[in-house]
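Hi,

Here is the structure I promised to send over. Have a look at it first, and then read on for what turned up.

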Amino acid sequence: MPLGQFLFEYLYRRGVRHSFGVPGDFALPTFSWLEKSKIQSITMTHEPGAGFAADAYSRINGIGLVCVTYCVGGLNVLNAIAGAYAEKSPVVVVSGAPGRKDREKDPLLHHKVKTFETQRRVYDEVTVASAVLLDEERAASEIVRCVEACLRYKRPVYIEVPHDMVDRQIPVTKISSRAPERSDPHTLAAALEETLSLIRAAKKPVILAGVELARYRTAGLVLRMAERMNIPIAADLLSKSAIPENHRLYIGVYGGAMSSDEHVRKHVESADLVLMLGTFITDMSMGFYTAKLDRHRTVLATTERVNVQYHRYESIQFRDFLESLAAAQVKPKHFQHPNPDRLPPPLKKNERSELLTMPDVFRILSLHLNEGCCVVADIGDAIFGAVGIRSARQAQFIAPAYYMSMGFAVPASIGVSLAAKKLRPYVLVGDGAFQMTGVEISTAVRLGLRPIIIVLNNDGYGTMRQIREGNFNTITQWNYAKICELVGGGESATASTKGEFDRALSRAQKLKSVCVIELRIPRGEVSNQLAQIAREVRKIRGNRNGNSQT
Ligand SMILES: Cc1ncc(C[n+]2csc(CCOP(=O)(O)OP(=O)(O)O)c2C)c(N)n1
Ligand SMILES: [Mg+2]
């Protein structure tokens with residue numbers, strides 16, 4: 001079979017239905033095979049956008065694909081792939097490259113940086129497997145090895161395709177998939193026994209549901225366990241929406257000072273046992289060192305390890321551990337919800353003419369969300385304030401809450417729309433982040449997608465201003481509503497009062513096109529979560545005497 005045909009047939013077989021990228025001369029023969037395959041190729045305006053779209057797509061679909069050209073494209077998408085590595089998102093990167101023949105005598109070819117190996121070596125830092133397909137005999141097994149590693153570790157892989165290899169016939173041997181790894185039964189039994197004795201003794205246990213539950217599709221097991229034992233569940237910013245937020249046992253987002261409310265914070269911090277299942281413990285999700293989760297009252301189980309208090313168990317498969325917990329017999333606990341009235345209050349008539357505050361942005365948005373919505377948050381107050389989003393009907397949530405790269409949300413909304421046709425993305429993006437990748441709206445318009453893009457225009461880098469003032473936080477004021485004219489599609493609105501925002505959202509929901517809503521937020525107006533976090537970060541990175549502008 002020709003190499004290019006095998007590559008895309010195999011990716012299709014393993015679940016890829018869309019590819020995001022930008023072609024280039026070294027990649028053109030590969031793009032021709034992509035076009036002939038059953039995978040739909042989406043040309044984006046810029047490679048970083050392709051990377052963010054593929055990342056979001058992979059989070060929902062379970063695997064995604066980026067196709068780019070050598071170095072100028074490959075290195076352009078690198079930051080997005082680094083984010084996918086950091087946050088465990090399974091993206092396959094296929095890069096066109098100089099031919100096998102071109103590499104003889106090491107000439108200076110366009111797009112080459114240092115050596116022909118440079119791009120692959122750079123990618124080795126941000127992937128779990130990589131291959132340069134220079135050998136017909138091994139090409140098929142190399143492709144299979146990389147794609148399987150992507151699926152297994154939920155992290156990116158890199159496949160480099162020299163342009164003079166992709167049309168060649170390669171032998172396609174029978175491909176046998178590796179047997180799944182098993183837990184060591186004695187270690188599993190010991191870890192389980194210790195964990196269950198802690199659970200049985202606990203009066204006030206709580207589960208901190210982590211992002212790996214979404215990646216490894218194991219949230220159902222944790223829900224079953226929680227329901228049988230009647231244990232409440234909190235999420236963190238990275239895992240928000242992994243557990244249905246309208247479930248009776250769900251209490252909110254925990255993150256120290258960045259928790260969704262004080263009740264959740266108190267409940268988790270006063271628990272006598274915190275079961276952290278699939279949790280990434282990061283500075284941001286733990287509220288910049290304000291979280292209080294001492295080891296003597298925690299169990300931390302992830303795909304990498306199981307820690308029970310001060311003991312560490314290895315050779316345990318995450319799923320095996322969760323399945324055993326879900327099947328265990330434990331007397332249901334007594335649980336009283338710490339914040340039963342957690343839904344946002346409806347908008348009153350007399351409020352409608354009031355200027356928007358940041359807490360109101362998230363409150364009004366919450367009132368409009370339902371099961372068909374996916375909130376996609378960019379970095380800035382968009383992501384901090386999103387901790388406070390809470391709706392009566394379960395909406396999805398996606399954000400780069402650990403790696404924190406600006407520019408994620410608008411392109412990611414394209415990945416979300418294609419991975420889940422029934423989900424409508426609600427993008428929350430600051431003016432600064434919008435200026436990085438907002439023109440990707442153009443791709444959404446071309447594809448007939450309908451994201452609702454909410455630009456939080458607070459006249460520059462508001463988050464940075466909270467930490468340290470300076471001219472470096474100034475950006476150009478754009479007329480954001482005009483973007484639809486520029487890209488030739490979509491509708492726009494601006495809002496500065498609560499009523500205007502509410503009306504703009506109601507209208508956007510009826511529209512069959514992209515909708516851009518610019519919110520005029522006064523400078524210095526921030527969400528409660530950002531105010532709290534900024535106070536902590538200022539202690540470390542702020543002006544020596546604190547920041548006068550808070
Ligand atoms: C790619 C990238 N560059 C820089 C930063 C650092 N950074 C974090 S927040 C921020 C300002 C964001 O401004 P804006 O999008 O307007 O949101 P706001 O903070 O005003 O809500 C910057 C520059 C980053 N996280 N990612
Ligand atoms: Mg801003």
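Let me start with G460: it counts as buried, because its relative accessibility is 4% and the cut-off for buried is under 20%. Please keep in mind that this is a predicted model.

So what does G460 do in the magnesium site? Its O atom is one of the donors to the magnesium ion (ligand 2), alongside OD of D431 and OD1 of N458, at 2.0 to 2.1 Å. Written along the chain, the donors follow the spacing D-x26-N-x1-G. D431 and G460 link distant parts of the chain: D431 sits in helix α15, while G460 is in the loop between β17 (452–457) and α17, 29 residues apart. D431 is buried too, because its relative accessible area is 2%, and under 20% is what buried means here.

G460 also turns up at the other ligand. One of its backbone N or O atoms lies 2.9 Å from an oxygen atom of ligand 1. Two more backbone contacts go to oxygen of ligand 1: a polar backbone atom of G432 is 2.8 Å away, and a polar backbone atom of A433 is also at 2.8 Å. How much of ligand 1 does the protein bury? Taken alone, ligand 1 exposes 590 Å², and the protein buries 78% of that.

Now for the shell around ligand 1. It is made up of 17 residues, and the closest are D431, G432, A433, G462 and T463. Which helix gives the most to this shell? That would be α15, with 4 residues. Both α15 (431–437) and α17 (462–467) supply at least two residues each. If you sort the shell by class, you get 8 polar, 7 nonpolar and 2 charged residues. D431 is worth a second look on your screen, since it appears among the closest residues to ligand 1 and also among the donors of the magnesium ion.

One last residue, T69. You will find T69 in the loop between β3 (64–68) and α4 (78–86). Is T69 buried or exposed? It counts as buried, because its relative accessibility is 4%, with under 20% as the limit. Leaving out residues up to four places away in sequence, T69 touches V22, P23, G24, D25, F26, A27, G74, S95 and G96.

That's it from me; shout if anything is unclear.

Cheers

Definitions and conventions:
Residues numbered from 1 in each chain as written. Chains lettered and ligands numbered in written order. Predicted model: local features only at pLDDT ≥ 70, side-chain atom pairs only at ≥ 80, totals over all residues. Heavy atoms only, no water. Near = heavy atom within 4 Å. Polar contact = N/O pair within 3.5 Å; in protein donor to acceptor, adjacent residues only side chain to side chain. Areas by Shrake-Rupley, 256 points an atom, 1.4 Å probe, with all protein chains shown as cover. Nonpolar A, V, L, I, M, F, W, Y, C, P; charged D, E, K, R; others polar. Donors = N, O, S within 2.8 Å, 3.2 Å for Na, K, Ca; no water. Buried < 20%, exposed > 50% of the residue type's maximum accessible area, 1.4 Å probe, protein only. Contact = heavy atoms within 4.5 Å.
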